[in-house]
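Q: Please take a close look at one part of this model, the surroundings of a single side chain. Then connect that part to the rest of the chain.

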Amino acid sequence: MVEAASQEPLEQQRAGRGRHAARRPAGGGGGGLLRSSALMAVGTVASRATGLIRQVLQAAALGTGLLATTYNQANTVPTSLYFLLIGGALNSVLVPQLVRARATHPDGGAAFEQRLVTLVLCVLGAGTALAVWAAPVIISLYQRDTPATHDAFELTVVFARFLLPQIFFYGVFSIFGQVLNARHRFGAMMWTPVLNNVVLITMFGLYLGLMTVPGQVADITGAQVRLLGIGTTVALTVQALALIPYAHAAGFRLRPRFDWRGAGLRKSVSAARWTLLFVLVNLVASTVVTRFASAADAALPDSGVGFTAYSYAQQIWTLPQAIVTVSLVTALLPRMSRAVAERRVADLRADLSRALRVSGVVIVPAAFFFLAFGPQIAQLLFAHGAAGAAATAPLGRMLQAFGLGLIPFSAQYLLLRGFYAFEDTRTPFRLAVCVGAVNVALATGCHLLLPPRWAVTGMAAAYAVSYGIGMLLTALRLRRRTGGLLDGRRICRTYGRLIAAATSAGTIGWLVARSCAHGLAAAVWAPALSLAAGGTTMALLFLVLARTLKIAELRNLPGLR
């Protein structure tokens, strides 16, 4: 990989470097990948840390019950619609094509980028306007409008009208971020979400400090709704617009171009077709789960057993994957795309193997950490303000149910990028159908067979199981696609050792936390102290066992060489 610090200026590439400007030595680059990934991981840690603070304040302000669900559900819709309109294609299809355009077009891909940015912004502008107009219909897909839940439904629609303009700004953030990624400028896209979180932290701080916190849907005032709705959209706007100066500094010039015909965008649209279907399948599955989880909220509005608890648990659960795996993939995808373009399939397999093994050093112990300490994490983070300890107990159980599913979830995310490097979007769609079908079938069973208090916890476990099946299918198909082994023995040996170390360390850590909890049952800080004692024990013991088992990938983590 060509690192951002040593990347040749855009003008030199335009002067005729062509494909060779993007080529890296076939035998090297592992250190570059890790350095690029480390830079992005630091930015992601900062983003996720401030995001966690925002999430804690949000739970204190709105709780984890039906009132919180009206805001959270409306805030989820723009993300879903953005990915359905064009976001999935941006993240998986267009990066390889931007890299190819910069390497092969005489102008370094400048005209292609300008046409693509213009097209994306036009599509999202029209889609955003249509979504705001159709807000009641969209919300009806996620929750029922019945006499008993009409107030909650109407409040969700009001929130949605404030929040749906985010669709356009998600697009601005993503398209400029991908322009920077194609130039190997990864840092800005990882750091600018911190601005979003700072605005949201300020907003929820004002909400908590200056207003009376409502306990029910009927108690929230118009001023509170406007503060939450406008403040949330402004936060994303700041995040998106902050990328534009970085893109300009990297050499991109925003000039609207509408001469799309014959400009090579047809290939992008054709490739994006399967990605659109991939996103649609995932959206259908998530809509079914959201509707079922909302039904649990309606049945027990103050118990924290529905959609908000599920979404909070899922966000905590994906933190390690977002910090480690996504950072690796963002740096890895342009590199793998070049390897495929230059017919170095063996290098692609080596990159995937290395990424799986390095990310596993963090992902595997994190999965067992959530399994062991889910209730303590939930109580420590969310049992404040409008949410009490009893209301966070279901959230902790959901985090445990998600737990071990983090391993296949992260691995499948990495493996799918192997198909995207080949610009193969049809296979990921077919795999998504399998994962979505299993998830919907199991979630439906949980909804029909389990009581409301346990139904959504079962859905969290169903999500984990569906990705376990999906990971196995993905590995088999990618092995066939690359025409060779995926270093399976080495990967399985590494993961076997990681699981053995994490299981032993997690069990002892859980026993330590349990002992502390019993000894400090009446103490206010019992959850924090028991989590600190159990978590520290688990971490230290895992490191000792990992060294004993000679897990070489441990040396790739900063400070553990």
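A: Start with Gln412, which has a relative accessible area of 5% and is therefore buried, the cut-off for that class being under 20%. The model is a predicted one. Gln412 sits in helix α18, which covers residues 406-421.

What does the side chain of Gln412 meet in a polar contact? The partner is the side chain of Thr474, at 3.2 Å. Thr474 also appears in the wider contact list of Gln412. Leaving out residues up to four places away in sequence, Gln412 touches Val435, Tyr467, Gly470, Met471 and Thr474. Helix α20 runs over residues 452-482. Tyr467, Gly470, Met471 and Thr474 from that list have numbers inside that range.

Stay in α18 and step back to Ser410. This residue belongs to the helix too. Ser410 is buried, because its relative accessibility is 1%. Its contacts are with Gln321, Thr325 and Ile363, again not counting residues up to four places away in sequence. So which partners does each residue of the helix have? Gln412 has Thr474 among its contacts, whereas Ser410 has Gln321 among its contacts.

Now the pocket. Met471, a contact of Gln412, is one of the residues nearest the centre of the second largest pocket. Ala475, Gly488, Ile491 and Cys492 are the others named there. The pocket holds about 620 Å³ of space. Its lining is made of 20 residues. Which helices build that lining? At least two residues each come from α18, α20 and α21, the last of these spanning 488-519. The largest share, seven residues, is supplied by α21. By class, the lining has 15 nonpolar residues, two polar ones and three charged ones. Thus α18 carries the buried Gln412 and also supplies lining residues to this pocket.

From the pocket, move to α13, residues 265-299. Ala285 lies in this helix. Its relative accessibility is 5%, so Ala285 counts as buried. Asn439 is 154 residues away along the chain, yet the two C-alpha atoms are separated by 6.9 Å. Asn439 is also a contact of Ala285, together with Gly436 and Val440. Recall that Val435 is a contact of Gln412. Gly436 is a contact of Ala285.

Another long-range link involves α2, residues 30-62, where Ala60 is found. Ala60 is buried, with a relative accessible area of 10%. Its C-alpha lies 8.9 Å from that of Phe204, across 144 residues of sequence. Neighbours within four places aside, Ala60 is in contact with Leu208, Val213, His384, Gly385 and Ala386.

Two residues with higher accessibility follow. Thr76 lies in α3, residues 66-92. It is partly exposed, at 30% relative accessible area. Thr76 and Leu163 are 87 residues apart in sequence and 9.1 Å apart in space, C-alpha to C-alpha. Arg144 sits in a loop, the one between α6 (135-142) and α7 (150-163). It is exposed, because its relative accessible area is 58%. Arg144 touches Thr149, Phe153 and Arg291, not counting residues up to four places away in sequence. With Arg291 the C-alpha distance is 8.0 Å, at a separation of 147 residues.

Lys550 comes after the last of these stops. It lies in the segment following α22 (526-548). Its relative accessibility of 67% means that Lys550 counts as exposed. Phi here is near 60°, a positive value in a residue other than glycine. Most residues other than glycine have a negative phi.

Finally, the whole chain. It has 22 helices and zero strands. Of its 561 residues, 56% count as buried. Among contacts between residues at least 6 apart in sequence, 84% join residues at least 24 apart. How far does confidence reach? Mean pLDDT is 83, and 85% of the residues reach 70 or more. Residues 1-29 stay under 50. For that stretch the model has 57 contacts beyond four places in sequence.

How values were computed: Residues numbered from 1 in each chain as written. Predicted model: local features only at pLDDT ≥ 70, side-chain atom pairs only at ≥ 80, totals over all residues. Heavy atoms only, no water. Helix = DSSP H or I, 4+ residues; strand = E, 2+ residues; numbered from the N terminus. Buried < 20%, exposed > 50% of the residue type's maximum accessible area, 1.4 Å probe, protein only. Contact = heavy atoms within 4.5 Å. Polar contact = N/O pair within 3.5 Å; in protein donor to acceptor, adjacent residues only side chain to side chain. pLDDT = per-residue confidence, 0-100. 1 Å grid on protein atoms, 1.4 Å probe; cavity = no way out; pocket = protein on both sides within 12 Å on 5 of 7 lines; lining within 4 Å. Points joined across faces, edges and corners; volume = space filled by probe spheres on them. Nonpolar A, V, L, I, M, F, W, Y, C, P; charged D, E, K, R; others polar.
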